[in-house]
Amino acid sequence: MPHRIRQLLSIVGACAFGLSAQTFAAAPAENTFEIVVGNGPHTGTYKPPADSVICMHAKKQKRYSAAWKDFDAHDAKAIAEAGINVSNPDDAGAKQGEVRIAFGDPDKKPTVYSVDRAPLTLTKTATGAEIAFQGKTKDGIQLHVTAKCSDIEEM
């Protein structure tokens, strides 16, 4: 009898280990976007759903981008879209690009915060990259934008 109990416990343990290995298997790669608006009418932190953030590395066009869009945006206070784009991401040296954050219905004159020729940080890792911007719009709106890209469309 004790032999059967040990056998049963061994089988249960092996099954449990197999299930836990599946449970702790690597989660699919996610892209994240975080926008912090430091002042103005849209002050706050915004984190669009990770499952709808896209990242793209277009080598021929010399662009590395992260973007998100709410196609059903209607609330004037809600974030409707966000994008950060690095120009010449594969060149050595300091990075520049564009940042664009829009609030409200795109058909009803949304509030847009944008910075062209923005000084950006692009940090590439073995699993993707992080793009960051901290600065102000020409109207003095403080922005801190961070995109973490793990699932990247290579073009």
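Among contacts in the chain between residues at least 6 apart in sequence, what percentage join residues at least 24 apart? The figure is 46%. Keep in mind as you look around that this is a predicted model.

Let's start with the overall layout. The chain has one helix and 10 strands, and if you walk along from the N terminus you meet the helix and then the strands, in the order α-β-β-β-β-β-β-β-β-β-β. There are 155 residues in the chain, and 33% of them are buried. As for the outside, the accessible surface comes to about 10000 Å², with carbon and sulfur atoms accounting for 56% of that.

Now zoom in on strand E3, which covers residues 54–58 and includes His-57. What does E3 pair with? One partner is strand E4 (residues 63–69), which pairs with E3 in the antiparallel sense over five bridges. Within that pairing, Ile-54 sits opposite Ala-67 of E4. E3 and E4 make a hairpin, with four residues between the two strands. Have a look at Lys-62 in that turn: its phi is positive, at about 55°.

E3 also pairs with strand E10 (residues 152–154), this time in the parallel sense and over three bridges. Here His-57 is the residue to follow, since it stands opposite Glu-154 in E10. The link between His-57 and Glu-154 involves side chains too: they make a polar contact at 3.1 Å. The His-57 side chain has a polar contact with the side chain of Asp-90 as well, also listed at 3.1 Å.

Is His-57 buried or exposed? With a relative accessible area of 4%, His-57 falls under the 20% cut-off, so it counts as buried. You can see what surrounds it by going through its contacts. Leaving aside residues up to four places away in sequence, His-57 touches Arg-63, Tyr-64, Pro-89, Asp-90, Lys-124, Ile-152, Glu-153, Glu-154 and Met-155. Among them, Arg-63 belongs to E4, which spans residues 63–69, while Ile-152 belongs to E10, which spans residues 152–154.

Next, on to the aromatic rings. The chain has two aromatic pairs. In one of them, the ring centres of Tyr-46 and Phe-103 are 5.1 Å apart and the planes meet at 65°; that angle is over 60 degrees, so the pair is edge-to-face. This pair links distant parts of the chain, with Tyr-46 in strand E2 (residues 44–46) and Phe-103 in strand E6 (residues 95–103), 57 residues apart. Tyr-46 is buried, with a relative accessible area of 16%, and Phe-103 is buried at 0% relative accessibility.

Phe-103 also forms an aromatic pair with Tyr-113, again edge-to-face, with 5.7 Å from centre to centre and 65° between the planes. Phe-103 is in E6 and Tyr-113 is in strand E7 (residues 111–125), so this pair ties together parts that are 10 residues apart in sequence. Like Phe-103, Tyr-113 is buried.

Put the two pairs side by side and you get the full picture of the rings: Tyr-46, Phe-103 and Tyr-113 are linked into a cluster by ring pairs. If you're browsing the model yourself, two good places to pause are His-57, with its polar contacts to Asp-90 and Glu-154, and Phe-103, which pairs with Tyr-46 and with Tyr-113.

Notes. Residues are numbered from 1 along each chain as its sequence is written. This is a predicted model: local features need pLDDT of at least 70, side-chain atom pairs count only at pLDDT 80 or more; totals for chains, interfaces and linings use all residues. Side-chain values use heavy atoms; hydrogens and water are left out. Buried means under 20% relative accessible area, exposed over 50%, partly exposed in between (1.4 Å probe, protein chains only). Contact means heavy atoms within 4.5 Å. Accessible areas come from the Shrake-Rupley method with a 1.4 Å probe; for residues, only the protein chains shown count as cover. A polar contact is a pair of N or O atoms within 3.5 Å; within protein, one must be able to donate a hydrogen and the other to accept it, and residues adjacent in sequence count only if both atoms are side-chain atoms. Rings of Phe, Tyr and Trp (its six-membered ring) pair if their centres lie within 6.5 Å; planes under 30 degrees apart count as stacked, over 60 as edge-to-face and the rest as tilted. Two strands pair if DSSP finds at least two bridges between them.
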